[in-house]
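Okay, thanks for coming, everyone. I'll put the structure up and then walk you through the ligand site and one bit of ring packing.

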Amino acid sequence: MSLIDDAAQVRERAYVPYSNFKVGAAIRTVSGAVHVGCNVENVAYPEGTCAEAGAIAAMVAAGELKIAEVAVIADSPVPVSPCGGCRQKLAEFGEAGVKVTLCTTDGLVFETTIGELLPGVFSTEHMARS
Ligand code: THU
């Protein structure tokens with residue numbers, strides 16, 4: 001099964017009573033393991049979490065910290081674009097060159113990288129004097 005298939009499968013479990021917009025994310029780590037996440041909304045809207053954040057939380061909970069590849073899928077007209085916060089979260093655990101595949105459920109695919117998604121990422125270098 002491809003990473004996109006993993007993302008598509010977990011997407012079905014998304015809890016989205018407010019947006020009705022299901023997103024699935026799958027992360028393959030350097031060990032080869034795959035961790036998945038879906039978006040989980042809340043009646044207090046800002047408390048909802050993105051699929052990417054769920055996959056990252058699952059990865060860290062499994063004791064892994066290095067992302068090798070990411071796939072994200074949604075039923076959108078164009079491949080889904082991770083939000084700014086999730087771009088920063090992905091950059092925490094993945095090198096700039098890590099491949100990110102963004103997909104629609106009807107087969108459109110856009111390939112990018114963590115670095116392309118977040119140029120000028122805030123990093124530990126910026127805190128060098130603290
Ligand atoms: N969402 C994600 O889970 N990932 C993305 O990349 C874009 C947006 C979710 C958040 C919210 O539950 C719904 O999509 C609509 O914004």
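So, the shell around the ligand: it divides into six nonpolar residues, three polar and two charged. For that split, Ala, Val, Leu, Ile, Met, Phe, Trp, Tyr, Cys and Pro count as nonpolar, Asp, Glu, Lys and Arg as charged, and the others, Gly among them, as polar.

Quick caveat: this is a predicted model, where local features need pLDDT of at least 70 and side-chain atom pairs count only at pLDDT 80 or more, while totals for chains, interfaces and linings use all residues. Numbering runs from 1 along each chain as its sequence is written, and side-chain values use heavy atoms, with hydrogens and water left out.

Who's around the ligand? Among them are Ser19, Phe21, Asn39, Cys50 and Pro82, with a heavy atom within 4 Å counting as near.

Now the short distances to ligand oxygens. The side chain of Glu41 has an N or O atom 2.5 Å from one, and for the side chain of Glu52 that's 2.6 Å. Ala51 uses a backbone N or O atom, at 2.9 Å. Taken alone, the ligand exposes 370 Å², and the protein buries 76% of that (Shrake-Rupley, 1.4 Å probe).

Last thing, the rings. The whole structure has one aromatic pair, meaning ring centres within 6.5 Å. Tyr18 and Tyr45 make up that pair, at 5.4 Å centre to centre and 45° between the planes. That's tilted, as planes under 30 degrees apart count as stacked and over 60 as edge-to-face. The two tyrosines are 27 residues apart, so the pair links distant parts of the chain.

Key:
Polar contact = N/O pair within 3.5 Å; in protein donor to acceptor, adjacent residues only side chain to side chain. Phe/Tyr/Trp six-rings, centres within 6.5 Å; stacked < 30°, edge-to-face > 60°. Helix = DSSP H or I, 4+ residues; strand = E, 2+ residues; numbered from the N terminus.
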